Amino acid sequence: MSFDALLQFDWQVLALISAAAFVTSLIHGATGIAGGMLMAAVLAMVIGVKPVVPVISVALLISHSARALLNFRKFDLQVFLLVSASALPGLLLVSFLYGRLSATWIGTVLGCVLLLSIPIKRYGTKTDFQLGPKGLGGASAVYGLLSGASVGAGMVLSPFMLAFGMGREAFVATMAVVALTTNVVRVGVYGGTDQLMGAYLLLGVAVGVLTIPGNWLGRTLLRRMSDRSHSGVIEVLTVLAALNFFYLAWR
């Protein structure tokens, strides 16, 4: 995609992207998860499946930075270091290989990751299982592998972070920094392997800036939202996003 191609988007498409960035960042700010994958589902309809992960990675650098700053007092350094150290090897490997994957394969993986997150989250909620450092490290390693080629892997990791004994606000703050680190690594690898061209970088920055107001409002909603209502909304949106990725991958 060239810069000229980006400038040729009509106002309806630009309005859709702007609205989607605000709404999804509002959800992201209130829950700590789901915003990236929902925004990816919208962008995939505009720019295609394959460029989505690099573009969203740039946008999330800004979005996660905003959420990390807004919630930094609740940040848990111990959990961050454990998750990041375990996730980094797989993240680097898969990010490097991303350019060799087909759009069909990427779209299928994105859809499967999202659908997989629902039973994992429900299992964690129903069984109220507790997790030690080794268990969280193993889950983080899987998160790293999935994150190299998909958006939304945080929804797979989140039940395990919560089972480690984190409160809701601590989870949102720590997950923001974990996700920020993940996207710094992805953007570095994508840029170094020519998977992040100038036009996609520009689009990612624009989307990221548009997420800032939503993250700010989402922090307020976080304190008012019940666990049950939040969970139901996220599951419905997750299924819709997954179906969208399957459709775009196989049409």
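At 70% relative accessibility, Leu69 counts as exposed, because the cut-off for that label is anything over 50%. Leu69 has its place in helix 4. Its C-alpha atom is separated by 8.3 Å from that of Ala173, even though the two residues are 104 residues apart along the chain. All of this comes from a predicted model, so the values that follow are computed from predicted atoms.

Helix 4 spans residues 52-70, and it also holds Ile56. Here the picture flips: Ile56 has just 1% relative accessibility, so it counts as buried, the label for anything under 20%. What does Ile56 touch, leaving aside its neighbours within four places in sequence? The list runs to Gly36, Met39, Ala40, Leu43, Val151 and Asn183. There is also a long-range pairing to look at in the viewer: the C-alpha atoms of Ile56 and Gly208 are separated by 8.2 Å, with their positions 152 residues apart along the chain.

Stepping back to the whole chain, the protein has 12 helices and 0 strands. Read from the N terminus on, the elements are simply α after α, right through to the end. Of the 251 residues, 51% count as buried. The accessible surface comes to about 11,300 Å², and 69% of that belongs to carbon and sulfur atoms. Long-range pairings like those of helix 4 fit into a wider count: among contacts between residues at least 6 apart in sequence, 87% join residues at least 24 apart.

Now for a pair of helices. Two packed helices are described by the angle between their axes and the distance between the axes. For helix 5 (residues 77-97) and helix 7 (residues 133-147), the axes come within 7 Å and cross at roughly 35 degrees. That crossing is right-handed. On the helix 5 side, the contact is made by Val79, Leu82, Val83, Ser86, Ala87, Gly90, Leu91 and Val94. Helix 7 answers with Pro133, Leu136, Gly137, Ser140, Ala141, Tyr143, Gly144, Leu145 and Ser147. The numbering on both sides is worth a look with one rule in mind: an α-helix has 3.6 residues a turn, so residues three or four places apart point the same way.

A third helix meets some of those residues. Thr182 is found in helix 9, which covers residues 168-192. Leaving aside its neighbours within four places in sequence, Thr182 is in contact with Leu91, Tyr143 and Ser147. Leu91 belongs to the helix 5 side of the crossing, while Tyr143 and Ser147 belong to the helix 7 side. Is Thr182 buried or exposed? With a relative accessible area of 6%, Thr182 is buried.

Helix 6 (residues 103-127) brings in Ile106. Its relative accessible area is 0%, so Ile106 is buried. Not counting residues up to four places away in sequence, Ile106 touches Val49, Lys50, Tyr98, Leu101 and Ala149. Ile106 and Phe246 are 140 residues apart in sequence, yet their C-alpha atoms lie 9.6 Å apart in space.

Helix 8 (residues 154-163) is mostly covered, with 8 of its 10 residues buried. The buried ones are Gly154, Met155, Val156, Leu157, Ser158, Pro159, Met161 and Ala163. Just after helix 8 comes Gly165, which takes a positive phi of about 105 degrees.

Finally, the surface. Where is there a nonpolar patch on the surface? Phe22, Val23, Trp216 and Leu217 form one, with about 360 Å² of accessible area together. Two elements give two or more residues each to the nonpolar patch: helix 2 (11-31) and helix 11 (212-222). Val23 lies in helix 2, and at 42% relative accessibility it counts as partly exposed, because that value falls between the 20% and 50% cut-offs. Leu14 is found in helix 2 as well, and it too is partly exposed, with a relative accessible area of 41%. The C-alpha atoms of Leu14 and Val46 are separated by 10.0 Å, and the two residues are 32 residues apart along the chain.

Notes. Residues numbered from 1 in each chain as written. Predicted model: local features only at pLDDT ≥ 70, side-chain atom pairs only at ≥ 80, totals over all residues. Heavy atoms only, no water. Patch = residues over 30% accessible without salt bridge, like charges linked within 9 Å, V, L, I, M, F, W, Y side chains within 5 Å. Areas by Shrake-Rupley, 256 points an atom, 1.4 Å probe, with all protein chains shown as cover. Salt bridge = Lys/Arg side-chain N within 4 Å of Asp/Glu carboxyl O. Helix = DSSP H or I, 4+ residues; strand = E, 2+ residues; numbered from the N terminus. Buried < 20%, exposed > 50% of the residue type's maximum accessible area, 1.4 Å probe, protein only. Axes fitted to C-alpha atoms, helices over the stretch in contact; angles between N-to-C directions. Left-handed = near helix turned anticlockwise from the far one by under 90°. Contact = heavy atoms within 4.5 Å.
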